[in-house]
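Visitor: Please pick one part of this structure and take me through it closely. I would also like to know how it connects to its surroundings.

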Amino acid sequence: MNLTLKIWRQLNSESKGSMVKYSVSDVSPDMSFLEMMDFLNNQLINKGEDPVAFDHDCREGICGMCSMFINGEAHGPDRLVTTCQLHMRKFKDGETITIEPFRANAFPVIKDLVVDRSAFDRVQQAGGFVSVNTSGNTQDANSIPIEKYDADRAFDAATCIGCGACVASCKNASAMLFVSAKVSQYSLLPQGKVEATDRVRSMVKQMDQEGFGNCTNTGACEVECPKGISLENIARMNREYLSTLLKS
Ligand code: SF4
Ligand code: FES
């Protein structure tokens with residue numbers, strides 16, 4: 001495949017970026033999108049040019065690092081995959097592909113396609129955990145029976161990899177899908193109920209402080225989420241948050 005790539009280049013967080021055009025030839029349809037980017041970078045390095053900076057770690061859909069906005073969609077045109085799981089056969093020979101970083105005020109660009117998603121870490125640190133006694137006499141979690149329906153919903157929520165595609169896809173740059181997944185993975189389980197009130201309050205407060213926008217139920221986040229996190233998590237978090245307000 002021969003392709004034209006229009007890629008966002010930005011030296012650092014202070015500089016003004018711009019789209020730069022590159023041509024790549026002899027791309028295999030079986031390459032992953034990141035392998036194609038490696039291929040481009042090898043060519044740039046051989047020419048003595050600065051390679052394109054992009055985030056990646058696991059390259060198997062687990063770490064959530066590969067935050068690219070491809071042809072106007074977070075993680076590209078395929079559904080339920082991350083950029084590292086996207087294959088070049090999803091594109092046509094001769095196509096022009098536009099590649100940008102995930103854009104949101106709360107995700108400032110560090111360089112080229114790399115953004116700072118530490119806002120998500122701070123939301124997690126605000127309450128995305130359960131406090132357990134680790135003194136050696138911790139109760140085995142499996143000794144508490146949990147309804148299959150609840151266990152499945154909690155597991156579905158826990159598959160969120162914190163990639164940020166939901167924020168990048170939302171016209172308001174809202175983080176509600178991410179935060180609601182992190183709240184829901186505990187709120188359906190008995191272990192999560194003890195700190196439920198503090199958790200939802202603290203995480204929502206931190207989310208607002210980080211500058212994410214409000215949710216207006218457009219649903220773009222659910223469509224672009226590589227893990228299929230459902231909007232029902234947002235409804236669950238809203239109910240939980242409302243009930244904490246009624247209690248106070
Ligand atoms: S909810 Fe989906 S899109 Fe958002 S961070 Fe989690 S996995 Fe990524
Ligand atoms: S590199 Fe880990 S999810 Fe893509």
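Guide: What follows starts with one strand, goes on to the strands beside it, and then turns to the rest of the chain.

This is a predicted model, in which local features need pLDDT of at least 70, side-chain atom pairs count only at pLDDT 80 or more, and totals for chains, interfaces and linings use all residues. Residues are numbered from 1 along each chain as its sequence is written, chains are lettered from A and ligands numbered from 1 in the order in which they are written, and side-chain values use heavy atoms, with hydrogens and water left out.

The part chosen is strand β5, residues 96-101. Strands (E, at least two residues) and helices (H or I, at least four) are DSSP runs, numbered from the N terminus. In a regular strand the side chains alternate between the two faces of the sheet. On the covered face of β5 are Ile97, Ile99 and Pro101. Its uncovered face holds Thr96, Thr98 and Glu100.

Strand β5 has a neighbour in β1 (residues 3-9), and the two pair in the parallel sense over 4 bridges. Two strands pair if DSSP finds at least two bridges between them. Ile97 of β5 is the bridge partner of Leu5. Strand β3 (residues 68-70) is joined to β5 by 3 bridges, and these two run antiparallel. Here Ile99 of β5 stands opposite Ile70. Ile97 and Ile99, both on the covered face, thus appear again in the bridges to Leu5 and Ile70.

Strand β1 leads on to a salt bridge, since Arg9 lies in it. A salt bridge is a side-chain nitrogen of Lys or Arg within 4 Å of a carboxyl oxygen of Asp or Glu. The side chain of Arg9 meets that of Asp50 at 3.6 Å, N to O. This pair links distant parts of the chain, 41 residues apart, with Asp50 in the loop between α1 (33-46) and β3. Arg9 counts as buried because its relative accessible area is 13%, while Asp50 is partly exposed at 38%. Buried means under 20% relative accessible area, exposed over 50%, and partly exposed in between (1.4 Å probe, protein chains only).

The loop before β5 has a salt bridge too: Arg89 and Asp30 meet at 3.2 Å, N to O. Arg89 is in the loop between β4 (73-74) and β5, Asp30 is in the loop between β2 (18-24) and α1, and they are 59 residues apart. Asp30 is exposed, at 55% relative accessibility.

A contrast is the pair Asp156 and Arg153, whose side chains meet at 3.6 Å, N to O. Both lie in helix α3 (residues 148-158), 3 residues apart, which is about one turn of the helix. Asp156 is partly exposed at 40%, and Arg153 is partly exposed at 21%. Elsewhere, salt bridges with shared partners join Arg9, Asp50, Lys111 and Asp112 into one network. The whole structure has 16 salt bridges.

As for the setting, the protein chain has 9 helices and 7 strands. Of its 248 residues, 45% are buried. Its C-alpha atoms fill a box of roughly 60 × 35 × 35 Å, taken along the principal axes.
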